[in-house]
2 protein chains.
Amino acid sequence: MNLKELSQNLGLSQTTVSRALNGYPEVSTATRRRVEEAARTFNYSPSTRAKGLATGKALAIGHVIPLSSKHEMVNPVFGDFIAGAGETYSRNGYEMILSIVPDQDERRIYQGLKSRRAVDGVIVHGPVMDDPRIPLLHKLGLPFAVHGRASVNETPYAWLDMNNRNAFKRATDFLFDLGHQRIGLVNGLEFMDFAYRRRNGYTVSLSDHGVTPDPDLMRSGEMTEDFGYVSARQMFALDDAPTAIICSSMISALGVRRAIEEKGLVMGKDISVISHDDVLSYLKNGGDTPIFTATRSSVREAGRQLAQMLLDAIENPGRAPQTKLLEAELVVGTSTGPAPRKD
Amino acid sequence: MNLKELSQNLGLSQTTVSRALNGYPEVSTATRRRVEEAARTFNYSPSTRAKGLATGKALAIGHVIPLSSKHEMVNPVFGDFIAGAGETYSRNGYEMILSIVPDQDERRIYQGLKSRRAVDGVIVHGPVMDDPRIPLLHKLGLPFAVHGRASVNETPYAWLDMNNRNAFKRATDFLFDLGHQRIGLVNGLEFMDFAYRRRNGYTVSLSDHGVTPDPDLMRSGEMTEDFGYVSARQMFALDDAPTAIICSSMISALGVRRAIEEKGLVMGKDISVISHDDVLSYLKNGGDTPIFTATRSSVREAGRQLAQMLLDAIENPGRAPQTKLLEAELVVGTSTGPAPRKD
DNA sequence: GAGCAAATCCAAAGCGCTTTGGAATTTTGA
DNA sequence: TCAAAATTCCAAAGCGCTTTGGATTTGCTC
């Protein structure tokens, strides 16, 4: 069923039917109802392609997910982020176009999306500190919004970020308050902007407490379970092992816990652990009481909000780029406790 | 830059330029080269929408991901599956359109995709035993391919599945060979087809070994870490606790391990665990030697192959639906060992 | 009931591409 | 050398929609 057939069926012109369906005022309420009724029974909806051609809008947003070329890894956070963004899109009649590409091909993909006019805008995932995509997208004139930030950047752009620095500073402060002095950091890859900021929050807290950062206590890598395990093991093997570990992801935190238990220690007593919790749907932080003390910020909510920001920006092209900083909350679970007393 | 401008620039007609770019034979090699060259320097690629309108193809595949309405959970497997499928699409010039929808809305979404002519076909995720989407898509005449199978179904359709029944039968057999008699199952939701088949393989093995299935040893639920933990705890509280547990997902297996260690037991000695491993990028099964003995089958590879099957089906509409059954391999890790002797 | 504004509708152009049916040019064969 | 065949190109129609500019009808006012 297409517009032509539908309008013939109703004995109306295509113009009128189109206007009725798109809420234009030049149509009487009676005909509008008739048209809507008919559209429903014939299961008609306008072809996205034709509509897009006629209006010049794609009614679609592109998500370009970089695939870590080293580990072929898809960020586990992305499923929930996408779910959040998807809610916003479907509420606003947009479609989501997804490209998962080896990170070295990203440039080409953005150019392609632009020149094929496939999307009205894109979401940028996983920004690194000096991210080349931001100037690129500016140059292309393709509206975009970034999940996270790029520290090194002149021109303003739209972003939504969690306050990584503050979250990790608070977590570290919290451990100091419990009496810990040797605190390890199991971080993500530190050319990623979020990881850089987290380390920054961590080291600032250390300095505040008169502690010099110890490279042996600072690991950085792709946040798998195994990475958490290996990192913790290495730290425990030190002469002056940490009594607490801060971890950038729940998944690596599970690895950290494995290392703790393997050593016959008890988490929350012998070793304290704080993790960042993205509130992933399949990785709830325990049941009723949280297992891990955690800095918590829902990545799904981030998806919802950032998508909305991008749609707003597309509809108001003049306006200055919006930005938004979300604060993580610190939830206290059973994985932290006072520092064990030295014998 | 559009076709018109490009052809004016070259002093050719739009027809010729279009043909040159699409590999039609009515164009001399010299002009073709000229055209390709120009397209490259002007960064021209045809508008997907216009092309789609003209050809009647969308050059896009839809993925409709059901969002569990109960737990608002996105299947963690989906990121890797999508990554695999995405590889296939980009190699073939297709786009991936993603909708994440509350499972009760799925029907409407498929109808929308069809009537808006937004996609050439769809991938069906997470089939349940008697899946209504299969007859619906047949009725709509929208090409589709299913990741998994629906047990209750008359008409043939394209699918790719892992041999769940066989994998879990082998896993159970393996535990029997090690002398275990009380074997627990921590399964996914059993209206999901894969989970049903897995339980089936498990019970068949039990019968083969003259053991009657014990409801107390069979849990079914959304496969989170916590679910694994809670399930294992409950089993351990039994008078006649199991000496081995088979688990449907690595994530729940981590929960099972937590319960084991909490009880002060050693996995692989006091309790054996076998998990299914989807080879998710962020959840490697240990480093060099696998931690969990596991039935292994890469879900990313499944994505690659199923996407290809769908594209083939779209290009050869006449042909009978293809199907493919992948066998999981059984990798032996440190999480299994001989059944502890009764004292 | 004439005159005018408001309400309601329509024909046709245009969005950027592919493709049909021909026209123009070059090459070939005898 | 000249007709036929092969090569190379083009104008125009059509894909399904939106939107402009205009035509027609209806409702009011006096």
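**Close-ups of the protein–DNA model**

**View 1. Residue classes beside DNA strand C.** The surface near DNA strand C is made of 10 nonpolar, 13 polar and five charged residues. Near means that a heavy atom of the residue lies within 4 Å of the strand. Ala, Val, Leu, Ile, Met, Phe, Trp, Tyr, Cys and Pro count as nonpolar; Asp, Glu, Lys and Arg count as charged; the others, Gly among them, count as polar. The model is predicted: local features need pLDDT of at least 70, side-chain atom pairs count only at pLDDT 80 or more, and totals for chains, interfaces and linings use all residues. Residues are numbered from 1 along each chain as its sequence is written, chains are lettered from A and ligands numbered from 1 in the order in which they are written, and side-chain values use heavy atoms, with hydrogens and water left out.

**View 2. Contacts to DNA strand C.** In total, 28 residues surround DNA strand C, and the closest are A:Arg19, B:Leu3, B:Ser18, B:Arg19 and B:Tyr24. Of the atoms of DNA strand C that come within 4 Å of the protein, 59% are sugar and phosphate. The side chain of A:Thr16 places an N or O atom 2.9 Å from a phosphate oxygen of DNA strand C. B:Tyr44 has a polar side-chain atom 3.0 Å from a phosphate oxygen of this strand. B:Ala50 meets a base instead: a backbone N or O atom lies 3.4 Å from a base nitrogen of DNA strand C. Such polar contacts are pairs of N or O atoms within 3.5 Å; within protein, one must be able to donate a hydrogen and the other to accept it, and residues adjacent in sequence count only if both atoms are side-chain atoms.

**View 3. Helices along DNA strand C.** Helix H2 (14–21) and H4 of chain A, with helix H2 (14–21) and helix H4 (48–55) of chain B, each supply at least two residues of the surface near DNA strand C. H4(B) gives the most, with five residues. Helices (H or I, at least four residues) and strands (E, at least two) are DSSP runs, numbered from the N terminus.

**View 4. Contacts to DNA strand D.** DNA strand D is surrounded by 28 residues, the closest being A:Leu3, A:Ser18, A:Arg19, A:Tyr24 and B:Ser13. Sugar or phosphate holds 60% of the atoms of DNA strand D within 4 Å of the protein; the rest belong to bases. An N or O atom in the side chain of A:Tyr24 is 2.5 Å from a phosphate oxygen of DNA strand D. A:Ser47 uses a backbone N or O atom, 3.2 Å from a phosphate oxygen of the strand. A backbone N or O atom of B:Ala54 lies 3.5 Å from a base oxygen of DNA strand D. H2 and H4 of chain A, together with H2 and H4 of chain B, give two or more residues each to this surface. H4(A) gives the most, with five residues. By class, the surface near DNA strand D has 10 nonpolar, 13 polar and five charged residues.

**View 5. The interface of chain A and chain B.** Chain A brings 51 residues to the contact and chain B brings 52 residues; contact means heavy atoms within 4.5 Å. About 4600 Å² is buried between the chains, 54% of it from carbon and sulfur atoms. Buried area is the accessible area (1.4 Å probe) that two parts lose on being put together, summed over both. A:Arg49, A:Arg117 and A:Tyr282 supply 17% of the area that chain A buries against chain B, more than any other three residues.

**View 6. Salt bridges and paired strands.** Four salt bridges cross the interface of chain A and chain B. Each is a side-chain nitrogen of Lys or Arg within 4 Å of a carboxyl oxygen of Asp or Glu. One joins B:Arg116 to A:Glu95, with the closest N and O atoms 2.2 Å apart. S2(A) and strand S2 (residues 95–102) of chain B pair in the antiparallel sense over three bridges; pairing requires at least two DSSP bridges between the strands. A:Ile97 stands opposite B:Ile97 in S2(B).
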